[in-house]
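Student: Good morning. Could we go through a structure together, step by step?

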Amino acid sequence: MRKIDTRTKEKPISDDLRNINSAVEELMKQNSMSPENDPFNYLWMANGVLYAVSVAFLLMKGWKKQRNDIPETISKTGKEKCVYEEKVKGIRRSISMAKAELERIKENRKITTKGRKNRKELAEECKTISSSTLVNFMEKQKTRLRKLKKSFLRQKKEREARELNKQFEMDTGKVYETFNNLIAKDKDNENRARYTNNLKERQGGEFEKFKNIEEASKFWKEL
């Protein structure tokens, strides 16, 4: 896997290009592959050599920095997302197969080789293939898809909450310090929200009933 992107905003000068070409030529001379006898491996070797020389040049010029913090394995969040996407892909494939088979039955078309293979897979789920069973199967798969999405989003939200709670537990004092600073700056309580009940002032201190819907609508719009 190529960890360094060779694209850059800087533009090398003619001497830089000349040095890169010279380095590539010298490295290519060290291999015994022939472009006539083994063109594919030769191109693969040339591609690798060009990438290695370009990366060395970018690092030497300081236009790129080597990253040592790139994880070799996928994170837990990435794995969960991959599993979720694979399940969604399988469910959507089942829905697509059932929909295609349902349309074939309605139009009374001849079954194809691919359709026969899909029908065999559907038979394992639906037992008997008919319009009603296919419709029920599709609805069940759609419900399953919605539940899966809801579950994934809930787990994602819970994971984010756990991370925030962990940060709070690791540095609780900083959070309280921030709150205390905000309270200290607002000594007169000017920026705090207040609840004011002006209902009695609007109605002269007495509660009255609305005579019609227009009067009630006008009252709520004025609030």
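The conversation below goes through the helices, a pocket and a few single residues.

Student: What kind of model is this?
Tutor: It is a predicted model. The protein chain has an average pLDDT of 79, and 82% of the residues score at least 70.

Student: Which helices have the lowest and the highest mean pLDDT?
Tutor: Among the elements of the protein chain, α7 (residues 199-202) has the lowest mean, 52, and α4 (residues 113-126) has the highest, 88.

Student: Where does pLDDT stay under 50?
Tutor: That is the case over residues 69-74. For this stretch the model has three contacts beyond four places in sequence.

Student: Now the overall layout. How many helices and strands are there?
Tutor: The protein chain contains eight helices and zero strands. Read from the N terminus, the order of elements is therefore α-α-α-α-α-α-α-α.

Student: How much of the chain is buried?
Tutor: Of the 223 residues in the protein chain, 19% are buried.

Student: And what share of the contacts joins residues 24 or more positions apart?
Tutor: Among contacts with a separation of 6 or more, such pairs account for 59%.

Student: Let us turn to α1. How far does it reach?
Tutor: Helix α1 covers residues 14-29, which is 16 residues. From its first C-alpha to its last it reaches 23 Å, close to the 22 Å expected at 1.5 Å a residue.

Student: Which residues of α1 are buried?
Tutor: They are Asp16, Ile20, Val24 and Met28. Seen down the axis of α1, its buried residues fall within an arc of 100 degrees, so they line one face of the helix.

Student: Why do residues spaced like that point the same way?
Tutor: An α-helix has 3.6 residues a turn, so residues three or four places apart point the same way.

Student: What is on the face turned away, and what covers the buried side?
Tutor: The face of α1 turned away from its buried side carries the exposed residues Ser14, Asn19 and Lys29. The cover over the buried residues of α1 includes α2 (39-61).

Student: New topic: pockets. What volume does the largest pocket have?
Tutor: Its volume is about 160 Å³. The lining consists of 13 residues, and the closest to the centre are Ala100, Glu101, Arg104, Thr112 and Gly115.

Student: Which elements give two or more residues to that lining?
Tutor: Those elements are α3 (76-107) and α4. The largest share, five residues, comes from α4.

Student: Then let us look at α4. What span should it have?
Tutor: At 1.5 Å a residue, the 14 residues of α4 should span 20 Å, and this agrees with its end C-alpha atoms, which are 20 Å apart.

Student: Which residues of α4 are buried, and which are exposed?
Tutor: Gly115, Asn118, Leu122 and Cys126 are buried. These residues cover an arc of only 70 degrees around the axis, which puts them on the same side of α4. On the other side of α4, Thr113, Lys117, Lys120 and Glu124 are exposed. Gly115 thus appears twice here: it is buried in α4, and it is among the residues closest to the centre of the largest pocket.

Student: What comes right after α4?
Tutor: Lys127 follows α4, in the loop between α4 and α5. Its phi is near 65 degrees, a positive value in a residue other than glycine.

Student: Why would a positive phi deserve a mention?
Tutor: Most residues other than glycine have a negative phi. Asn108 is another residue with a positive value, near 55 degrees, and Asn108 is found in the loop between α3 and α4.

Student: Are those two buried or exposed?
Tutor: Exposed means over 50% relative accessible area. Asn108 counts as exposed because its relative accessibility is 68%, and Lys127 counts as exposed because its value is 67%.

Student: Lastly, α5. What does Gln141 touch?
Tutor: Gln141 lies in helix α5 (residues 131-170). Not counting residues up to four places away in sequence, Gln141 touches Ile91, Ser94 and Ile95. At 9% relative accessibility, Gln141 counts as buried.

Student: And Thr133?
Tutor: Thr133 also lies in helix α5. At 19% relative accessibility, Thr133 counts as buried because the cut-off is under 20%. With the same exclusion of residues up to four places away in sequence, Thr133 touches Cys126 and Thr128.

Key. Residues are numbered from 1 along each chain as its sequence is written. This is a predicted model: local features need pLDDT of at least 70, side-chain atom pairs count only at pLDDT 80 or more; totals for chains, interfaces and linings use all residues. Side-chain values use heavy atoms; hydrogens and water are left out. Helices (H or I, at least four residues) and strands (E, at least two) are DSSP runs, numbered from the N terminus. The expected span of a helix is 1.5 Å times one less than its number of residues. Buried means under 20% relative accessible area, exposed over 50%, partly exposed in between (1.4 Å probe, protein chains only). The arc is that of the directions from the helix axis to the C-beta atoms. Contact means heavy atoms within 4.5 Å. pLDDT is the predictor's confidence in each residue, from 0 to 100. On a 1 Å grid over the protein atoms alone, a cavity is a set of points where a 1.4 Å probe fits but cannot get out, and a pocket is an open set with protein on both sides within 12 Å along at least five of seven lines; lining residues have an atom within 4 Å of a point. Grid points are joined across faces, edges and corners, and a volume is the space filled by probe spheres set on the points.
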